[in-house]
Amino acid sequence: MWGRDKKAEAPAPEPPNALKDAVREARIEAAERSAVVVDLRDAELARLELLNDALDPLFKDIPDGVELFDRGVSKGDVPRLWVDVIAHIEMGRDKRQYRFVQDTRYGRAVLAEGYEVPEMVQAVTRYVARRLLERERALADDAPFGRGSSLRMVEYEQRRGRLRAIRTFCYGVIIAVVTLVGLALLSPRP
């Protein structure tokens with residue numbers, strides 16, 4: 001303190017910071033992984049674009065008035081080739097396998113899986129054919145002026161409703177008559 005000589009204090013070497021080194025190494029690894037992920041995503045997009053090009057002849061054959069299908073490639077976290085609003089193709093876990101899935105009310109249903117473009121084109125062709133057939137059936141049920149089965153169902157339900165109303169009225173009349181007779185028998189006589 002007062003009487004001591006001040007020696008030049010040399011800065012003490014910093015102890016090695018293991019956490020700092022570990023964070024730096026983790027950042028380097030993350031950068032390498034992200035580069036690999038970007039490369040994988042680009043490869044997925046390229047494969048989906050190839051399949052999209054292979055589907056061009058199929059979608060050119062669809063009639064102009066049919067607006068069921070909206071095909072396109074989305075480039076999100078999981079790249080997808082959309083066929084319509086509820087069905088799309090994505091790459092499998094190994095990033096080489098195509099997976100054709102459809103969203104249903106119970107979850108996703110896998111319609112087809114394959115490694116080759118022609119297999120997937122065939123699966124999409126079957127799907128498009130089924131959707132077109134469903135559309136035709138739905139339009140046939142909507143036929144106007146009694147030619148469709150839906151109009152007959154409406155007439156049947158109306159007739160059934162009228163019969164139900166008549167039956168309810170008759171039951172009401174019977175119950176009212178029985179109640180009046182019961183009251184007349186139970187009332188005291190003067």
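Good morning. I begin with Glu 113, which is partly exposed, with a relative accessible area of 40%. Please keep in mind throughout that this is a predicted model.

Glu 113 has a charged partner. Arg 99 forms a salt bridge with Glu 113, and the closest N and O atoms lie 2.7 Å apart. This contact links distant parts of the chain, since Arg 99 belongs to strand E4, residues 98–104, and Glu 113 to strand E5, residues 107–114, with 14 residues separating the pair. Arg 99 has a relative accessibility of 21% and therefore counts as partly exposed; the cut-off for buried is under 20%.

A further salt bridge joins the side chains of Asp 103 and Arg 108, at 2.8 Å from N to O. Asp 103 is partly exposed at 29% relative accessibility, and Arg 108 is likewise partly exposed, with a relative accessible area of 47%.

How many salt bridges does a search of the whole structure find? The count is 7. One of them deserves separate attention: the side chains of Arg 131 and Asp 84 meet at 3.6 Å, N to O. Here, too, distant parts of the chain are linked, with Arg 131 in helix H3, residues 117–141, and Asp 84 in strand E2, residues 80–84, 47 residues apart. Are these two residues buried or exposed? Both Arg 131 and Asp 84 are buried.

Let me stay with helix H3 for a moment. Its buried residues are Met 120, Val 121, Ala 123, Val 124, Tyr 127, Val 128 and Arg 131. An α-helix has 3.6 residues a turn, so residues three or four places apart point the same way. As for length, the 25 residues of H3 should span 36 Å at 1.5 Å a residue, and the end C-alpha atoms are indeed 36 Å apart, in agreement.

I turn now to the strands, starting with E3. This strand is mostly covered, as 5 of its 5 residues are buried. Ala 87, Ile 89 and Met 91 point one way from E3, while His 88 and Glu 90 point the other way. In a regular strand the side chains alternate between the two faces of the sheet.

Which strands pair with E3? E2 and E3 pair in the antiparallel sense over 3 bridges, and E3 and E4 pair in the antiparallel sense over 5 bridges. Ile 89 is a convenient point of reference: Leu 81 stands opposite Ile 89, and Ile 89 also stands opposite Phe 100 in E4.

Both pairings are hairpins. Between E2 and E3 there are 2 residues, and between E3 and E4 there are 6. The turn of the E3 and E4 hairpin contains Lys 95, whose phi is positive, at about 65°. Lys 95 is a residue other than glycine, and with a relative accessible area of 31% it is partly exposed.

Finally, I come to the surface. Which residues form a nonpolar patch there? The patch is made up of Phe 169, Val 173, Val 177, Val 181, Leu 185 and Leu 186, which together have about 650 Å² of accessible area. Leu 186 is located in helix H4, residues 149–186. At 74% relative accessibility, Leu 186 counts as exposed, because the cut-off for that class is over 50%.

To close, I return to two places: the buried pair of Arg 131 and Asp 84, and the nonpolar surface patch that includes Leu 186. Thank you for your attention.

Definitions and conventions
Residues are numbered from 1 along each chain as its sequence is written. This is a predicted model: local features need pLDDT of at least 70, side-chain atom pairs count only at pLDDT 80 or more; totals for chains, interfaces and linings use all residues. Side-chain values use heavy atoms; hydrogens and water are left out. A salt bridge is a side-chain nitrogen of Lys or Arg within 4 Å of a carboxyl oxygen of Asp or Glu. Helices (H or I, at least four residues) and strands (E, at least two) are DSSP runs, numbered from the N terminus. Buried means under 20% relative accessible area, exposed over 50%, partly exposed in between (1.4 Å probe, protein chains only). Patches are made of residues with over 30% relative accessible area and no salt bridge: like charges are joined within 9 Å, nonpolar side chains (Val, Leu, Ile, Met, Phe, Trp, Tyr) within 5 Å. Accessible areas come from the Shrake-Rupley method with a 1.4 Å probe; for residues, only the protein chains shown count as cover. The expected span of a helix is 1.5 Å times one less than its number of residues. Two strands pair if DSSP finds at least two bridges between them.
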